[in-house]
Amino acid sequence: MPLTLSLTEALQRLLDQVLTGGDAVLDGPGAPSALDGAAALLAAQRCRASAAGPGGLDLPGLMAQVTRQPDLAAQDGASLEQGAQALTRLDDGCDRVVLLLDGAGELPAVTLRYLQLTCRTSASLRLVLAGR
């Protein structure tokens, strides 16, 4: 959804999209800052949100952000499994997992493929992509 709408309206549409089982795309100059507002709204709706930014969109960087580990330069099967669990496992406090990606147009192919496979294994994972 282009951010030619007011921020309030864009966030409401994003929330509606995610809560009805869809993913969302934010496009426009205000998209990255809208992710902060989206995270707060989603948390209030029993969604666990993880955020990743342009500096960490390679697979090790994404896994480090999702698992909240400082550095995963040496990617191994255990770290990929831990990242997949963080993106797919529900708990008592959430009904959905939402990954908020700033700079999504810069996703490396391997990261995109990992996210595609993870989405296929979990009906609870939703993606909110910001960027072109």
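A residue counts as buried under 20% relative accessible area, as exposed over 50%, and as partly exposed in between. With a value of 22%, Arg48 therefore falls in the partly exposed class, and this residue returns below as one half of a salt bridge. The model discussed here is a predicted one.

The overall architecture is a good place to start. Five helices and four strands make up the secondary structure of the protein, and along the sequence they follow the pattern α-β-α-β-α-α-β-α-β. The protein has 132 residues, of which 41% count as buried. Among contacts with a separation of 6 or more, 70% are between residues 24 or more positions apart.

The strands come next, beginning with strand 3. Strand 3 pairs with strand 2 in the parallel sense, through six bridges, and Ser50 has Leu99 of strand 3 as its bridge partner. Strand 3 also runs parallel to strand 4, again with six bridges between the two. Along this second pairing, Val98 stands opposite Arg126 of strand 4, while Leu101 has Leu129 as its bridge partner. Strand 4 in turn is joined to strand 1 (residues 24-26) by three bridges, and these two strands are parallel as well; here Ala24 is found opposite Val128. Between strand 3 and strand 4 the chain passes through helix 5, and the three elements form a right-handed β-α-β unit.

Burial in these strands is extensive. In strand 3, seven of seven residues are buried. Both of its faces are covered, with Arg96, Val98, Leu100 and Asp102 on one side and Val97, Leu99 and Leu101 on the other. Two of the bridge residues named above, Val98 and Leu101, thus belong to opposite faces of strand 3. Strand 4 is mostly covered too, with five of its six residues buried.

Helix 4 offers a clear example of a helix with a buried side. This helix spans residues 77-88, 12 residues in total, and reaches 16 Å from its first C-alpha to its last, close to the 16 Å expected at 1.5 Å a residue. Its buried residues are Ser79, Gly83, Ala84 and Leu87. These four lie on the same side of helix 4, because the arc they cover around the axis is only 140 degrees. A regular feature of helices is at work in such spacings: an α-helix has 3.6 residues a turn, so residues three or four places apart point the same way. The buried residues of helix 4 pack against helix 3 (59-67), strand 3 (96-102), helix 5 (109-121) and strand 4 (125-130). Strand 3, helix 5 and strand 4, the elements of the β-α-β unit, are therefore all among the packing partners of this helix. On the face turned away from the buried side, helix 4 carries the exposed residues Gly77 and Ala78.

Three salt bridges are present in the structure. One of them joins Arg13 to Glu9, with the closest N and O atoms 3.3 Å apart. Both residues belong to helix 1 (residues 7-19) and are four residues apart, about one turn of the helix. Arg13 is partly exposed, at 43% relative accessibility, and Glu9 is likewise partly exposed, at 36%.

Another salt bridge is formed by Arg46 and Asp95, whose closest N and O atoms are 2.9 Å apart. This pair links distant parts of the chain, since Arg46 sits in the loop between helix 2 (31-43) and strand 2 (47-52), and Asp95 in the loop between helix 4 and strand 3, 49 residues apart. Arg46 has a relative accessible area of 36% and is partly exposed; Asp95, at 39%, is also partly exposed.

The remaining salt bridge brings back Arg48, which pairs with Asp91 at 3.1 Å between the closest N and O atoms. Arg48 lies in strand 2 and Asp91 in the loop between helix 4 and strand 3, so this contact ties together parts that are 43 residues apart in sequence. Asp91 is partly exposed, with a relative accessible area of 42%, and its partner Arg48 is partly exposed at 22%.

Note on methods
Residues are numbered from 1 along each chain as its sequence is written. This is a predicted model: local features need pLDDT of at least 70, side-chain atom pairs count only at pLDDT 80 or more; totals for chains, interfaces and linings use all residues. Side-chain values use heavy atoms; hydrogens and water are left out. The expected span of a helix is 1.5 Å times one less than its number of residues. Buried means under 20% relative accessible area, exposed over 50%, partly exposed in between (1.4 Å probe, protein chains only). The arc is that of the directions from the helix axis to the C-beta atoms. Contact means heavy atoms within 4.5 Å. Two strands pair if DSSP finds at least two bridges between them. A crossover is right-handed if, with the strands pointing away from the viewer, the path from the first strand over the helix to the second runs clockwise. A salt bridge is a side-chain nitrogen of Lys or Arg within 4 Å of a carboxyl oxygen of Asp or Glu.
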